[in-house]
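Take a moment with the sequence and the coordinates before reading on. The walk below starts at one loop and then widens to the whole assembly.

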Protein chains: 2
Amino acid sequence: MIGKLNHVALAVPDLAAAAALYRDTLGASVSEPLDQPAHGVTVVFVTLPNTKIELVHPLGDSSPLAGFLAKNPAGGIHHICYEVEDILAARDRLKASGARVLGDGEPKIGAHGKPVLFLHPKDFLGTLVELEQA
Amino acid sequence: MIGKLNHVALAVPDLAAAAALYRDTLGASVSEPLDQPAHGVTVVFVTLPNTKIELVHPLGDSSPLAGFLAKNPAGGIHHICYEVEDILAARDRLKASGARVLGDGEPKIGAHGKPVLFLHPKDFLGTLVELEQA
C-alpha cells in the first residue's frame, strides 16, 4: 500500500541556522522558507536526489510543533511521510486494522497541495506517520 | 555533498510485530531479520520505491539501541542515513566545519557492506545522522 517516502520532517528551533547547516555544511539544495499558516509551520525544503527533507519551525501561537520543541529544544525528527495512491482507501484500510487517524479523520490539504492524514504514533512504533496522496 | 537518503532507521521493541505492521498493515515489502553483531542490532529492511526503512532491534548486551529504547519504550525514529561519494572527504569537511564525528572518527563497515560514520546529534539539529559511502 505505501509507496515512496515523500519526506522526513525535522523540527528545528532556528530555521535560518538549520537551512544554513544543510546548505553550507551538508552541501544540499535548500529552498527559501515557506509559511504554511493552515498547518502552523514554516518549512524549508531540502531536495535530495530521491526524496526531501523538510525543516519545519512553529508558525503562530498554536503550532503543532510547539510541544515537540519544548520536549526537544535542540530539535529532532518529527515525522515521516509515505505516499499512497488513494488516501481514503488507505485510511479505511488502516482504520479497519485498528489504527487511529489523528484529528477528525478527514484528509487536509498538505504542504504540497495534496490530501494528507496523520496516523497515531502509538499505532506505528512510536513514529508519527503522515500519508500523502501521490 | 550529501546525496540520496539511504534509509530511515526506526528502533522497535518487538521486531516481529514491527515487521508484521509494515508488511500486513502498511502493505510494504519486508525482509527476513538480519543479525548484525558488529553493530549490536538485528535489522528488517523495508523496501520502498525510492529508499529503505530499517526496523532495528537491539542484539546482544551492549547494543547502542538499548538506551534509546529505555527512553522510548514504544520505539521511535533513531537516525537518518545520507549517502556521500567519498566518506573520508565528507568527514574531513564536516570536522573542519566544527562538527563532531562519533567514535574514533574512522569509518566502519555498515549494514550494506559499505563504510559508514555517525555524526553527533548536537551538531545536526538533534538528529543522529549516519553517512554511508555510496
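In which loop of chain B is L125(B) found? L125(B) sits between strand 8 (115-119) and strand 9 (129-133) of that chain. The model is a predicted one. Within it, the backbone at L125(B) stands out for its phi, near 65 degrees, a positive value in a residue other than glycine. Is L125(B) buried or exposed? Its relative accessibility is 12%, so L125(B) counts as buried; the cut-off for that class is under 20%.

Now turn to chain A. L125(A) lies in the loop between strand 8 and strand 9 (129-133). Phi is positive here too, at about 60 degrees, although L125(A) is not a glycine. With 13% relative accessibility, L125(A) counts as buried. One residue that touches L125(A) belongs to the other chain: A18(B).

Next, the relation between the two chains. Rotate by 180 degrees, with 0.0 Å of shift along the axis, and chain B superposes on chain A with an RMSD of 0.0 Å. The two copies are therefore related as by a two-fold rotation axis. The same surface serves both copies, since 100% of the contact residues of chain B recur in chain A. Which residue of chain B comes closest to the rotation axis? It is N50(B), whose C-alpha is at 3.0 Å.

Follow helix 1 of chain B next. This helix covers residues 15-25. A18(B) is found in it. The relative accessible area of A18(B) is 0%, so A18(B) is buried. Setting aside residues up to four places away in sequence, A18(B) touches L125(A), V12(B) and L55(B). Sequence distance and spatial distance can be read side by side for one pair: A18(B) and G3(B) are 15 residues apart in sequence and 28 Å apart in space, C-alpha to C-alpha.

T25(B) also has its place in helix 1 of chain B. Its relative accessible area is 15%, so T25(B) is buried as well. Which residues does T25(B) touch, not counting those up to four places away in sequence? From chain A come M1(A), R93(A), L94(A) and S97(A); from chain B comes A20(B).

Step back to the fold of chain A. How many helices and strands are there? Chain A has three helices and nine strands. From the N terminus on, the order is β-α-β-β-β-β-α-β-α-β-β-β. The C-alpha trace spans about 45 × 30 × 25 Å along its principal axes. The radius of gyration is 15 Å, which agrees with the value near 14 Å for a compact globule of 134 residues. Take contacts between residues at least 6 apart in sequence: 53% of these join residues at least 24 apart.

Two positions in chain A give this some detail. L65(A) is found in the loop between strand 5 (52-58) and helix 2 (66-71). A relative accessible area of 2% means that L65(A) is buried. Beyond residues up to four places away in sequence, L65(A) touches A11(A), V41(A), V56(A), H57(A), P58(A) and H78(A). L65(A) and A19(A) are 46 residues apart in sequence, and their C-alpha atoms are 18 Å apart in space.

A111(A) is the second position. Its place is in the loop between strand 7 (108-109) and strand 8 (115-119). Is A111(A) buried or partly exposed? At 25% relative accessibility, A111(A) counts as partly exposed. Leaving aside neighbours within four places in sequence, A111(A) is in contact with Q36(A), H39(A) and F45(A). The C-alpha atoms of A111(A) and T42(A) are separated by 9.9 Å, while the two residues are 69 apart along the chain.

Finally, the surface and the charges. Buried residues make up 49% of the 134 in chain A. The chain exposes about 5900 Å², and carbon and sulfur atoms supply 54% of that area. Chain A carries 11 positive and 15 negative charges. The mean positions of these two sets are 7 Å apart.

Conventions: Residues are numbered from 1 along each chain as its sequence is written. Chains are lettered from A and ligands numbered from 1 in the order in which they are written. This is a predicted model: local features need pLDDT of at least 70, side-chain atom pairs count only at pLDDT 80 or more; totals for chains, interfaces and linings use all residues. Side-chain values use heavy atoms; hydrogens and water are left out. Helices (H or I, at least four residues) and strands (E, at least two) are DSSP runs, numbered from the N terminus. The radius of gyration is taken over C-alpha atoms; the globule rule is 2.2 Å times the number of residues to the power 0.38. Buried means under 20% relative accessible area, exposed over 50%, partly exposed in between (1.4 Å probe, protein chains only). Contact means heavy atoms within 4.5 Å. Accessible areas come from the Shrake-Rupley method with a 1.4 Å probe; for residues, only the protein chains shown count as cover. Lys and Arg count as positive and Asp and Glu as negative; His and the chain ends are not counted. The place of a charge is taken as NZ of Lys, CZ of Arg, CG of Asp or CD of Glu. Copies are superposed by least squares on the C-alpha atoms of residues with pLDDT of at least 70 in both.
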